[in-house]
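Biologist: Please choose one spot in this model and look at it closely for me. After that, work outward from it to whatever connects.

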Amino acid sequence: MTVQDIRSFNRFYTNVIGALDYGRRLYAPYTLTESRVLYELAHAPRTDAADLRTQLHLDAGYLTRILNKFEEDGLVERGPSDTDPRRRRITLTAPGRQAAALLDERARETVGAMLDTVRAEDRPRLAQAMRTVRTILGDGDGDGDGDGDGDGDGDRGASRPEDVVLREPAPGDLGWIVQRNAALYAAEYGFDADYEGLVARIVADYAEDHDPHLERTWIAELDGRPVGCVMCVRDDAPGAARLRLLLVEPDARGLRIGDRLVGALVDFAREAGYREVVLWTNDILGAARRIYRRHGFVLVAEKPHHSFGQDLTGQDWRLDLHATPG
C-alpha cells in the first residue's frame, strides 16, 4: 500500500458521504464540522467546550467561531461548568435540539438511501471491511478482534469510550431492548420467559403513551450498533422519575457506558423538574448497583422474592435530586 492509495480512497469516500457539500446534501445550513458539533452536543447534554474541542480534535479558535454562530442563532447556551468554573459548559436549547434531530434524521435517510444500492449479500462484507479499517487505523492490530491473537475473542483494543454515542431510539430499537434484556438475563442469571414478558410490557407502555418532556429512552451506540440502553419514565409517586431497563452488552463493558447512561438520565430528570429518581433492582446485579451508588443513589429497602424462575432479593434505591452532593 502507498500514500497515494490512501489519498485516493479518501477522495472516493469524501465524495460518497458528500463531505465537501454536506449542507446542500442534507438540505441544511451547516457544514460537516458544524453538524458534527451539533451531534455531539445532542448526545452529551452537558459538555464543556474544552472536552468538545479535544473529542473532535478541533482548533480552539475554529470551535469558538462555530459556537458563537450557534449562540447567535439561538441553538446553544453557554455557562460555567458544573465541575470547574474556569471552563464553559455548552448546552443545546430547544431549537438546537430540534436542529440536531432534523440533521440526524436527514443523515439517516441519506445513509439509508446509500445502503439501498448495496445488495443484501454484500452488506456483511461491507460491514466487515469498515470494521477492519477502523481496527487497523484505530490503533488495533488488524486481526479483526483487536487483541492480536487472531482467535476472535477480542479485548476491544480499537474501541474507546469516546467512540460510544448516546442517542434517542430509532425504529426497531425498542424491540431490541426487549430481545437483548431477555437474552442476556437468561444467559447470565437464568431468568425465564416471565422476565421477557415484564420487559415487553414496560416497553409497550412507553411506546404507546409517553411524554417526551418527562420521559426518555437512551440507546448507546458503538460502531453503528446498539450496545446499551436505559429508560426514564414517570413513577406513580408524585415528583418521582423511575429508572428502568439499564443494560450494557457484554462485549461493550469497560467503556463506562453504564455510567454515561445513568448520568444522562439523572441530568434529564433534574432538568425536567423531578425531585427524585427511584429504581428497583436485584442484589445479584453487582455492577449496576455500583453504578447507582456512584451517582448518589441510596438503598432504601430490600426484600426476598421468587421471580423469573429464581430466588432473588429485590432492592429499592432512591436518588434525592435536591440533595447537596457530598
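Modeller: Let's start at Leu245, which is buried because its relative accessibility is 12% (buried means under 20% relative accessible area, exposed over 50%, partly exposed in between, with a 1.4 Å probe and protein chains only). Before going on, a word on ground rules: this is a predicted model, so local features need pLDDT of at least 70 and side-chain atom pairs count only at pLDDT 80 or more, while totals for chains, interfaces and linings use all residues. Residues are numbered from 1 along each chain as its sequence is written, and side-chain values use heavy atoms, with hydrogens and water left out.

Leu245 sits in strand E7 (helices, H or I with at least four residues, and strands, E with at least two, are DSSP runs numbered from the N terminus). What makes Leu245 worth a stop is its backbone: phi is near 60°, a positive value in a residue other than glycine. Most residues other than glycine have a negative phi. Phe308 turns up with a phi near 60° too, again positive without being a glycine. You'll find Phe308 in the loop between strand E9 (298-307) and strand E10 (310-320), and with a relative accessible area of 9%, Phe308 is buried.

Now follow the chain out of E7. Arg253 makes a salt bridge to Glu188, with the closest N and O atoms 3.1 Å apart (a salt bridge is a side-chain nitrogen of Lys or Arg within 4 Å of a carboxyl oxygen of Asp or Glu). That pair ties together distant parts of the chain: Arg253 is in the loop between strand E7 (240-248) and helix H10 (257-272), Glu188 is in helix H8 (residues 173-189), and their positions lie 65 residues apart. Arg253 is partly exposed, at a relative accessible area of 35%, and Glu188 is partly exposed at 35% relative accessibility.

Each end of that bridge leads to a helix pair. On the Glu188 side, H8 packs on helix H9 (residues 193-208) at an angle of about 160°, their axes 9 Å apart (axes are lines fitted to C-alpha atoms, for helices over the stretch in contact, and angles run from 0 to 180 degrees between N-to-C directions). So H8 is roughly antiparallel to H9 (under 35 degrees is roughly parallel, over 145 roughly antiparallel, 65 to 115 roughly perpendicular, the rest oblique). H8 brings Leu174, Ile177, Val178, Asn181, Ala182 and Tyr185 to the contact, and H9 answers with Tyr195, Glu196, Val199, Ala200, Val203, Tyr206 and Ala207 (contact means heavy atoms within 4.5 Å). By class, that's 11 nonpolar residues, one polar and one charged (Ala, Val, Leu, Ile, Met, Phe, Trp, Tyr, Cys and Pro count as nonpolar, Asp, Glu, Lys and Arg as charged, the others, Gly among them, as polar).

Past the Arg253 loop, H10 packs against helix H11 (residues 286-294) at about 45°, with 10 Å between the axes. H10 and H11 are therefore oblique to each other. Gly258, Asp259 and Val262 of H10 meet Ile291, Tyr292 and Arg294 of H11, a set with three nonpolar residues, one polar and two charged.

Back to salt bridges for a moment, as the structure holds 17 of them. One of them pairs Glu276 with Arg275, the closest N and O atoms lying 3.3 Å apart. Glu276 is buried, at 7% relative accessibility, whereas Arg275 is partly exposed, with a relative accessible area of 35%. Another joins the side chains of Arg119 and Asp122 at 3.0 Å, N to O. There, Arg119 is exposed at 52% relative accessibility, while Asp122 is buried at 18%. Arg119 and Asp122 also belong to a salt-bridge network with Glu121 and Arg125.

One last arginine to look at is Arg108, in helix H6 (residues 94-116). At 38% relative accessibility, Arg108 is partly exposed. Set aside its neighbours within four places in sequence, and Arg108 is in contact with Arg167, Ala170 and Glu221. Take Ala170: Arg108 and Ala170 are 62 residues apart in sequence, yet 9.7 Å apart in space from C-alpha to C-alpha.
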